[in-house]
Amino acid sequence: MYNTGKVIVGIIVFIIFFTIPFWLNLGKVKALPKPELPKDETKCVEDTDYMRAYHMQLLHEWRTRKIRKMQVYYMNHEGKLYIMSLQRTCMKCHTSKEKFCDRCHQVVVTHPDCWRCHIAPEEVKK
Amino acid sequence: MSIKRRDFLKIVGYGIAGSIISLGGGFIVGRGSEILAMIDKQGEKKGVKWAMAIDTRAFKSEEDFEAVIKACHQAHNVPNIPDKNREVKWIWVDTFERAFPTAETEFISEEVKRRKFLLLCNHCDNPPCVRVCPVQATFKREDGIVMQDMHRCIGCKFCMAACPYGSRNYNFYPPREYLASMNPEFPTRTLGVVEKCIFCYHRLDEGKMPYCVEASQGKMFFGNLNDPESEVRKVISENIVIVRKPELSTKPKVFYII
């Protein structure tokens, strides 16, 4: 084979060049979202891991139960009662949509349409 | 074999400690089942059928109507759209001949025919809008309230065509731009959905009266139609009442005292 050395060096340079982003970011996770957590509360409706993974299901359950099943209260696993409401419960503790919900959703590129109707705390017109 | 005094006292001590713990446990479990029962029961309101009676004799001035309409529209973020053909309203005022078109020929006094009437969704017992909704966005709850689930509404407007009372409005304009102030406790709606009065289901479920009834200061009555002792039943039986378009047999649950 002709120019074996040059070809191998070329291939190595090629591989390194195309994996530069990987090498530059090695060991750093930059895209991790940092939602602003409530300061005067310590616990969410359910535990944090559950909320992180299943809050959309919880919201779906709440809205079905409240609107279609005539129920008002949700009991969490500790027996604490919450009124099932996006604006009156979630957003009373999580007082900002932009600094909480959106920070995660921008990272995972999801756009729930809830805020077309539901009023985010920051857009309340006086 | 005899027990030593020391051992005997120990056993008695354990016994007392154990019973205190189980008492506490029993108390907690007991409370738990109480709460569970409450949670389970919250959905079933057997035998409740909500109804409203409006004393049209008591509504005299523009302000009387204004106060009621404002209370509802502000609380529910109903937009104030100037275009009369495409406005959105949950509760509004109209004349006798428009509210009761088929009663016009009947022998009702001129004074009554000159009155203004407060109109809203009748929460019919036999609601035509529910039958035509292709996605079950509008449905009748067990307690008779005709609910509108905005999350399901696709804006097809079938229900508007079906409703004989004009109680339903389509959002032709972005509603938020026509709101002077917002109530952060209740959602707005969005372009392309149909909306109407929901009999303040959220307040009834929490044991409160609808906003309009509260703001009317005794000119409107609300209660359980199935309970002979309730206020609505009393005022309905003691006064002459009419409903809108009874010949359609939609069985309205908003009664007008004349």
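**Exercise 1. Is Asp49(A) buried or exposed, and what is its relative accessible area?**

*Solution.* Start with the ground rules: this is a predicted model, in which local features need pLDDT of at least 70 and side-chain atom pairs count only at pLDDT 80 or more, while totals for chains, interfaces and linings use all residues. Residues are numbered from 1 along each chain as its sequence is written, chains are lettered from A and ligands numbered from 1 in the order in which they are written, and side-chain values use heavy atoms, with hydrogens and water left out.

Step 1. Recall the classes: buried means under 20% relative accessible area, exposed over 50%, and partly exposed in between (1.4 Å probe, protein chains only).

Step 2. Asp49(A) has a relative accessible area of 55%, so Asp49(A) is exposed.

Step 3. Now look at its partner. Asp49(A) forms a salt bridge with Arg52(A), and their closest N and O atoms are 3.7 Å apart. A salt bridge here is a side-chain nitrogen of Lys or Arg within 4 Å of a carboxyl oxygen of Asp or Glu. Arg52(A) is exposed too, at 60%.

Step 4. Place the pair. Both residues belong to helix α3 (residues 48–68) of chain A and, because they are three residues apart, about one helical turn separates them. An α-helix has 3.6 residues a turn, so residues three or four places apart point the same way. Helices (H or I, at least four residues) and strands (E, at least two) are DSSP runs, numbered from the N terminus.

**Exercise 2. Describe helix α4 of chain A.**

*Solution.* Step 1. In α4 (residues 86–93), the buried residues are Leu86(A), Gln87(A), Thr89(A), Cys90(A) and Met91(A).

Step 2. These buried residues pack against α3, β2 (81–83) and α5 (97–108) of chain A.

Step 3. Check the start of the helix: a side-chain oxygen of Ser85(A) comes to within 3.1 Å of the backbone nitrogen of Arg88(A).

**Exercise 3. Which residues form salt bridges with Asp125(B)?**

*Solution.* Step 1. One partner is Lys140(B), at 3.3 Å from N to O. This pair links distant parts of the chain, with Asp125(B) in the loop between β3 and α5 of chain B and Lys140(B) in strand β4 (residues 138–140), 15 residues apart.

Step 2. Another partner is Lys253(B), at 3.6 Å from N to O. Lys253(B) lies in the loop between β9 (241–242) and β10 (254–257) of chain B, so this pair ties together parts that are 128 residues apart in sequence.

Step 3. Compare exposure. Asp125(B) is partly exposed at 23%, and Lys140(B) is partly exposed at 35%. Lys253(B), in contrast, is buried at 2%.

**Exercise 4. Explore the surroundings of His123(B).**

*Solution.* Step 1. His123(B) sits in the loop between β3 (116–120) and α5 (128–132) of chain B. His123(B) is buried, with a relative accessible area of 0%.

Step 2. Leaving aside neighbours within four places in sequence, His123(B) is in contact (heavy atoms within 4.5 Å) with several residues, including Val146(B), Cys197(B), Phe199(B) and Lys253(B).

Step 3. The His123(B) side chain reaches the backbone nitrogen of Val146(B) at 3.0 Å.

**Exercise 5. How many residues does each chain give to the contact between chain B and chain A?**

*Solution.* Step 1. Chain B gives 34 residues and chain A gives 27.

Step 2. The buried area is about 2800 Å², with 55% from carbon and sulfur atoms. Buried area is the accessible area (1.4 Å probe) that two parts lose on being put together, summed over both.

Step 3. Five salt bridges are counted between the two chains. One salt bridge joins Arg176(B) and Glu123(A), with the closest N and O atoms 3.0 Å apart. A salt-bridge network also links Arg88(A), Lys92(A), Glu185(B), Glu206(B) and Lys208(B).

**Exercise 6. What average pLDDT does each chain have?**

*Solution.* Step 1. pLDDT is the predictor's confidence in each residue, from 0 to 100. Chain A averages 89, with 94% of the residues scoring at least 70. Chain B averages 90, with 91% of the residues scoring at least 70.

Step 2. Among the elements of chain A, helix α2 (residues 20–24) has the lowest mean pLDDT (77), and α3(A) has the highest (95).

Step 3. Finally, the model scores ipTM 0.78 and pTM 0.84.

Conventions: A polar contact is a pair of N or O atoms within 3.5 Å; within protein, one must be able to donate a hydrogen and the other to accept it, and residues adjacent in sequence count only if both atoms are side-chain atoms.
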